[in-house]
Amino acid sequence: MNTVDACLALPSGELQLPAFLPDATLGVVRSLDSTDLERVGVQGLVMNTFHLMQKPGSSTIQALGGLHAMAGWTRPIVTDSGGFQAYSLVRENPKNGQITDKGIVIRSENKRKFQLTPAKTVQLQMGYGSDIVVCLDDCTSPEAPHAVQLESVERTVKWAREGKREFDSLLDRRGTSPDERPLLLAVIQGGTSQELRRRCALELLEIGFDGYGYGGWPLDAEGHLLLDVIAFTRELIPSSLPFHALGVGHPENIVQCTKAGCNLFDSALPTRDARHGRLYRFADELVDPTSPRFMGRWFDTLYIADDKFIKDDRPLAPYCDCLCCARYSRGYLHHLFKLGDTLFFRLATLHNLRFMTMLTAALRSAGGG
């Protein structure tokens, strides 16, 4: 499988790569249902193991038939392991929990303790019916000192080995056929150190996984994409294997990472931007916005709250075929936004996600930009 213009076969269907998968953290992309997502071309979703084990809870998910049945979503689902929550909730605020070689303990807002171990997170994801299971990893900030990054690499490899062991055991006990088998993805840590990234990648490759992901916060302290580190990490992995740039979701960053060989992306950014009135467009200067060359100024953000849109009767984007652009004007969207009406959230989210699916389709056609 090449890194661009490729197809990834999964139990719930295929992903045409590169693919952007919206974050449906708690089993839902806010304001949209499954038919909305299908109509704008969303191929798959990313859901979060740590959050789902709290709300609605694992026993409820199983009672409702797993994540696909619960959410009415028939296409692929990737479940994040919960490793990023250890970074955002524990490393950034140690009073919220503890990270040890055995796993992660996180205290929720109501002081209830939730424990994630390498084996448990695999068990949960397999029980949820995930199409891509992600091993638990120890996520760090790129600014963390070398000693912290080294500990993260050693712990991530240890946890990946334990997660793979549990994954294989579950497949064997269930007698899962090759067509029904989910993929197992391991995450490469190491901060900005090439030495540590190489060490982590080589040790994970020796264990053997179906795909790999870039671990750690993908931006520096100024919010700039760590493209050199991401590209270096990608080069450590055979091009035949999928590579997930975890947490990368800004359109310009997706283009750069696709050129570097990444082919799976997820983020809450496009849907969050939509709810806040930041709407994505291909730049007007492009002769054919549906087939951009991704050179120069190709991307615009329209801020619908601006007063200049009060009486603007044009659609957000004349080339876009989403419901928002097909039927409603900028002026009406401005009106809905000022009202705070939930219809705005739906229409804006539909539009931004349609932009993302058009973007990745254009990248496939362009051979990666």
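Contact here means heavy atoms within 4.5 Å. Axes are lines fitted to C-alpha atoms, for helices over the stretch in contact, and angles between N-to-C directions run from 0 to 180 degrees. Helices (H or I, at least four residues) and strands (E, at least two) are DSSP runs, numbered from the N terminus. The model is a predicted one, with local features needing pLDDT of at least 70 and side-chain atom pairs counting only at pLDDT 80 or more, while totals for chains, interfaces and linings use all residues. Residues are numbered from 1 along each chain as its sequence is written, and side-chain values use heavy atoms, with hydrogens and water left out.

Take the sheet to begin with. Its eight strands form an open sheet in the order 3-13-12-11-10-9-5-4, paired in parallel (two strands pair if DSSP finds at least two bridges between them). Strand 3 (19–22) and strand 4 (45–48) sit at the edges with a single partner strand each, so one side of each has no neighbour in the sheet. From one strand to the next, the twist averages 25°. Strand 4 runs parallel to strand 5 (residues 77–80) and is joined to it by four bridges, with Leu45 opposite Ile77 in strand 5. Helix 8 (residues 227–235) lies across strand 10 (183–188), strand 11 (211–214) and strand 12 (243–245), at about 165° to strand 11.

Then there is a helix pair. Helix 2 (residues 49–63) packs against helix 5 (residues 118–128) at about 55°, their axes 11 Å apart. Among the residues making this contact are Leu52, Met53 and Ile61 of helix 2 and Leu124 and Tyr128 of helix 5.
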